[in-house]
Amino acid sequence: MILQTLIPENESFELPITLPKSYLGKKVYCLFFTEEEAQKIPLSTSSTKKPSDFFGILNEQEGDKFENQVKKFRNEWDRNG
């Protein structure tokens, strides 16, 4: 992802850009908005979901794999702490 900030002085201008090679041949999106518009976008900081709402979304095998991964992460944190 590339973020470039600019301040246009005219309604029409050339926008020279250089894209990474990994972008070539792919659909690339450009989005223009002002800082004021961005500040008006509501950011959701709270969720109405409870942990119990997620009960049962993983089967037992997926749950075991997830739990083992969490244990691995915790061991790495303990080792670095």
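## Exercises on a predicted model

At a relative accessible area of 36%, Glu67 counts as partly exposed, and this value, like the others below, is computed from a predicted model.

**Exercise 1.** Determine where Glu67 lies and how far its C-alpha is from that of Ser52.

*Solution.* Begin with the secondary structure: Glu67 belongs to helix 2, which covers residues 60–80. Then take the accessibility of Glu67, whose 36% falls between the limits of 20% and 50%, so the residue is classed as partly exposed. Finally, turn to the pair, for which a separation of 15 residues in sequence goes with 17 Å in space between the C-alpha atoms of Glu67 and Ser52.

**Exercise 2.** Find how many salt bridges the whole structure holds, and state how accessible the partners are.

*Solution.* A search of the whole structure returns one salt bridge. Its partners are Lys50 and Asp53, with 3.8 Å between the closest N and O atoms, a distance that meets the criterion because the cut-off is 4 Å. As a general point, side chains of opposite charge can pair when their charged atoms come close. For accessibility, Lys50 is partly exposed at 47%, and Asp53 is likewise partly exposed, at 39%.

**Exercise 3.** Classify Met1, Phe13 and Tyr29 as buried, partly exposed or exposed, and place each along the chain.

*Solution.* Start with position: Met1 sits in the segment before helix 1, the helix of residues 35–39, and that segment also holds Phe13 and Tyr29. Next apply the limit of over 50% for an exposed residue: Met1, at 95%, is therefore exposed, and Tyr29, at 69%, is exposed as well, whereas Phe13, at 40%, is partly exposed. For distances, Met1 and Val28 are 27 residues apart in sequence, with 9.9 Å between their C-alpha atoms, while Tyr29 and Lys71 are 42 residues apart along the chain, with a C-alpha separation of 39 Å.

**Exercise 4.** Identify the residues that make the nonpolar surface patch, and give its area.

*Solution.* The patch is made by Ile2, Leu6, Phe13, Leu15, Ile17, Leu19, Val28 and Phe32, and its area is about 720 Å². As a check on one member, Phe13 has a relative accessibility of 40%, which passes the requirement of over 30% for patch residues.

**Exercise 5.** Describe the largest pocket by its volume, its central residues and the character of its lining.

*Solution.* The volume comes to about 990 Å³. Among the 25 lining residues, those closest to the centre are Ile2, Leu3, Gln4, Leu31 and Phe32. Sorted by character, the lining contains 19 nonpolar, four polar and two charged residues. Comparing the lists, Ile2 and Phe32 appear both among these central residues and in the nonpolar surface patch.

Definitions and conventions. Residues numbered from 1 in each chain as written. Predicted model: local features only at pLDDT ≥ 70, side-chain atom pairs only at ≥ 80, totals over all residues. Heavy atoms only, no water. 1 Å grid on protein atoms, 1.4 Å probe; cavity = no way out; pocket = protein on both sides within 12 Å on 5 of 7 lines; lining within 4 Å. Points joined across faces, edges and corners; volume = space filled by probe spheres on them. Nonpolar A, V, L, I, M, F, W, Y, C, P; charged D, E, K, R; others polar. Helix = DSSP H or I, 4+ residues; strand = E, 2+ residues; numbered from the N terminus. Buried < 20%, exposed > 50% of the residue type's maximum accessible area, 1.4 Å probe, protein only. Patch = residues over 30% accessible without salt bridge, like charges linked within 9 Å, V, L, I, M, F, W, Y side chains within 5 Å. Areas by Shrake-Rupley, 256 points an atom, 1.4 Å probe, with all protein chains shown as cover. Salt bridge = Lys/Arg side-chain N within 4 Å of Asp/Glu carboxyl O.
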